[in-house]
Amino acid sequence: MTLMTPAPLDQQEDEEMLVPHSDLVEGPQPMEVVAQADASSAVENQPVEDPQTSRFTWTIENFSRLNTKKHYSEIFVVGGFKWRVLIFPKGNNVDHLSMYLDVADSATLPYGWSRYAQFSLSVVNQIHNKYSIRKDTQHQFNARESDWGFTSFMPLSDLYDPGRGYLVNDTCIIEAEVAVRKILDYWTYDSKKETGFVGLKNQGATCYMNSLLQTLYHIPYFRKAVYHMPTTENDMPSGSIPLALQSLFYKLQYNDNSVATKELTKSFGWDTYDSFMQHDVQELNRVLCEKLEDKMKGTVVEGTIQQLFEGHHMNYIECINVDYKSTRKESFYDLQLDVKGCRDVYASFDKYVEVERLEGDNRYQAENHGLQDAKKGVLFIDFPPVLQLQLKRFEYDFMRDTMVKINDRYEFPLQLDLDRENGKYLSPDADRSVRNLYTLHSVLVHSGGVHGGHYYAFIRPTLSDQWFKFDDERVTKEDTRRALEEQYGGEEELPQTNPGFNNTPFKFTKYSNAYMLVYIRESDKEKIICNVDEKDIAEHLRIRLKKEQEEKEDKRKYKAQAHLFTIIKVARDEDLAEQIGKDIYFDLVDHDKVRSFRIQKQWPFTLFKEEVAKEFGIPVQYQRFWIWAKRQNHTYRPNRPLTPQEEAQSVGQLREVSTKVNNADLKLFLEVELGPDLRPIPPPEKTKEDILLFFKLYDPEKEELRYVGRLFVKSSGKPIEILTKLNEMAGFAPDEEIELYEEIKFEPCVMCEHLAKRTSFRFSQIEDGDIICFQKSAPPESEEQCRYSDVTSFLEYVQNRQVVHFRALERPKEDDFCLELSKLHNYDDVVERVARRLGLDDPSKIRLTSHNCYSQQPKPQPIKYRGVEHLSDMLVHYNQSSDILYYEVLDIPLPELQGLKNLKVAFHHATKDDVIIHNIRLPKQSTVGDVINELKTKVELSHPNAELRLLEVFYHKIYKIFPPSEKIENINDQYWTLRAEEIPEEEKNLGPHDRLIHVYHFTKETVQNQMQVQNFGEPFFLIIHEGETLAEVKERIQKKLQVPDEEFSKWKFAFLSLGRPEYLQDSDIVSSRFQRRDVYGAWEQYLGLEHSDTAPKRAYAANQCSKTDGTQSLGSETFLHLPSNRLLKRE
């Protein structure tokens, strides 16, 4: 899968998360099992050779009124298995629709069931089908992961916006296409055993890198060159690309299990977040080769990259009528071939060398000959031994203003002859003695859409007939048909469900197809497919990697034998003195930092004591061990000494007595008493009356807490009786006045209470293992001089202190400053401290935004003014705690800003071609009329009395003219464009038979064998008069748009209703087609201007700002001066 971690990303709309649905999506969790009422027909799991495919359509009415967190579809059957779709209509803890494919009868299937499916989930756009959102993936379903899909399928704001077309008449249409394939047991499949090769682990979204690395690894000449790059034993793989790649290739060659790529990505300088972002494969290939080429300079393998991958072509321009030719030689490491419009690789090469004629206005300026008709083209001087072909599956669609994936059928041969047709691709300078016959080595495949998907590779390492599929961790044997024909792309027919009926077979687009091909020249294959063995690997590398393997094997053995051993962790006074006040403040010790012993369970405890005697130099007879116990208040204290009977048991029996938790360590406290000469002495006899207490000393002036020792006291005794001893332990005068406190607990809040000196320990409920904190009695005047005058306030401070890293919102990767705050600080405390740090007088101008722990980015929505109670609430995200906050400095106080509505309005001047985007900020209760009045103070009008109107434009259509009385609070400018313009004088004086109509630009395109109208450019209104012909209307349109005659003559005019064009002749009466008088809601009836969209895309600057509502970085307006002919530009 592209992303395997079940963590939601608030803002990552492009990089969808493929996860089990799990309500708490912060880590892998068992799936919820939903029993089905009808379990009688549970289908046994059975392998399926060829995919059995079906499409399921789910129409959900009254969608916005669904009040359940989860909503299941009815059950449908594919491949003999029961499935259903699961959605979270309001999102699975994210602000996106969450959607999954679910195994409907998972609760009743036999133990160990498993099924594998490739599937897509779609939300249908009911206005424009081509804007339907579809996402593809594949998954091995099993009892642990019985559903799989997309937590962030599409933003809820898009789904619930009625104008977007996903929710029409409160009905949502969801489609699922499911193909069930032969099952491979994911958990027991052994790639090395089955194929002789191992896979690469996916770090999150690194499958694209894995497929490329496997391809490079299986070019043995390349692998040998990598092994021969000079590295030293002092290099670290995470800081050296050559060493990281050597290490990776070695493990691929000699490991039995899949290999991790973390060292390599670290050597690229990537952090964890980068590994969850899909990078461009071609770019990665080039960057990797460039870095290796650079590192190879001056070594025995210098020039290897060029020798393998570098070819040359010649760009030429040749004049037709004069004897002049200009040529330029260029090198390439890979070739980008067109897919769109080409049936196969040969057609792409034909297009690559296609001759372009430079004539007319496009003639060539030849040196000493002036403008000349000429031929321009490319021919190849030489091809490399390893030919890498990048297929242009991803292109920018100017019509849709977005990147699209080209899923057209595109064939590629097993053998590629680039000498065909008498060397038509070769330049006159090419060496014709070299035979450019290539054989296919690798097919890299992309499965999915433009915004994400999955990558894998088909490779035949020795160029034999046997292909292998390298899909992250799994390697499988495949036949030639799978590697070639099935990766051509195009369409596939679903089998007919009712063959007896003459129904049209349903075709669906194949979203898995080749995007990169690697060919090896026949005459070079002996050299390239060479033998690589251990002698090619540097000795220091072999030693290092074998040591790693041995350590890994030791760990494996250690783990395998773990059930035979018990880990005993022994804490001593020395550990308490070392840790308290430095590593810890509460309780007594961090058990992970004390000496641990790995002891066989059958050993007598007495033998363990001898091990302790050797380790610490404490004779066995002077050792007394205490068992720790977890109390109900979640503290962890020594509870009681071991009895002689317990010490006579085995270590394993003792562990079972001490803890009921499986695999838990045995934790002990070693009590050692010292005599006057500081040598160990036998421990004193302990009766029920004796209590073991531990003491900590607090110094308010130094704000320091430290461990000073332990004492046995009588439960009937009183604290006043041990004051002199405590002063001695602290180094105070014998008569120093001290105050005593009992440390009771620290979760969820600190409880440390004053201990009465004249009350018995029994009455105060003091028992074994309790902690007493003490300090000098402070005079009243000193309390004001210390921040934390008593141990209770100090412990509260320690428990709640939090160092927060503040980052400016516009620089979300860099810390600006750090502040030590308290988790109990309220909203006002936090912004006041930030304002003070920034030297700002008014804290209310600070706006804070919380941190998303999963995406490592700011959350989309800022924290509202006093919207959270404490700092701790600001730092929590889905039960994860962060220490990062983002800040902005606003130009007005946040409470005031929250009462305002910020609108981005594009003002179109009546006579100039400039468009100015204004940020209009008004109280939320304001009206459109207020927006217009505010706009008038900012814009240049064509005349003083000009009137303005505000329009709603979406997908190049005018959907609404806002009435001046409409409230602005609910106007959405995130997806719609708000356009302001002057009302033309002629529109103010409409005659009784005049019509005001919509006029839009459009082109036609074919999508899945259906003609669809595609709008573009700036829509506008036009008055048509009764009896006016199209010829007269055209004349006015040409004058309005200032289109040259030659271009305008190519335009066609049509009346469009609900997307169907009816073409008009010059003599047609236009008004007869438009019977509606109002223009509200009339966007589906319009006069269409059909012509090609040749204008460059215009991007509104205001729509590129993530937060523009009052930050200092964006003022009240943004000027965007655009070129002329603006009515032809696309939004």
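Colleague: Which residue is the bridge partner of Glu742 in β39?

Modeller: In this predicted model, Glu742 has Glu753 as its bridge partner.

Colleague: And what makes β38 and β39 a pair?

Modeller: Two strands count as paired if at least two bridges are found between them. Strand β38 (residues 738–745) and strand β39 (residues 751–754) have four bridges, in the antiparallel sense, so they qualify as a pair. A hairpin of five residues joins β38 to β39.

Colleague: Nice. Now the helices: why are α4 and α5 called oblique to each other?

Modeller: Let's set the angle against the classes. The axes of α4 (residues 220–227) and α5 (residues 241–254) cross at roughly 125° and come within 9 Å. Roughly perpendicular covers 65 to 115 degrees, and roughly antiparallel needs over 145. The crossing falls in neither class, and α4 and α5 are therefore oblique. The crossing is also left-handed.

Colleague: Which residues make that contact?

Modeller: From α4 come Phe222, Arg223, Val226 and Tyr227, and from α5 come Leu245, Gln246, Phe249, Tyr250 and Gln253. They divide into six nonpolar, two polar and one charged.

Colleague: Over to the open sheet of five strands, then: what is the strand order?

Modeller: The order is β30-β29-β33-β31-β32, with mixed pairing.

Colleague: And why is one side of β30 and of β32 left without a neighbour in the sheet?

Modeller: Because β30 (595–600) and β32 (636–641) stand at the edges, each has a single partner strand. From one strand to the next, the twist averages 40°. For β30, the pairing with β29 (residues 565–571) is antiparallel over six bridges, and Ile599 in β30 stands opposite Thr566.

Notes
Residues are numbered from 1 along each chain as its sequence is written. This is a predicted model: local features need pLDDT of at least 70, side-chain atom pairs count only at pLDDT 80 or more; totals for chains, interfaces and linings use all residues. Side-chain values use heavy atoms; hydrogens and water are left out. Helices (H or I, at least four residues) and strands (E, at least two) are DSSP runs, numbered from the N terminus. Axes are lines fitted to C-alpha atoms, for helices over the stretch in contact, and angles run from 0 to 180 degrees between N-to-C directions. Angles under 35 degrees count as roughly parallel, over 145 as roughly antiparallel, 65 to 115 as roughly perpendicular and the rest as oblique. A crossing is left-handed if the near helix is turned anticlockwise from the far one by less than a right angle, and right-handed if clockwise. Contact means heavy atoms within 4.5 Å. Ala, Val, Leu, Ile, Met, Phe, Trp, Tyr, Cys and Pro count as nonpolar, Asp, Glu, Lys and Arg as charged, and the others, Gly among them, as polar.
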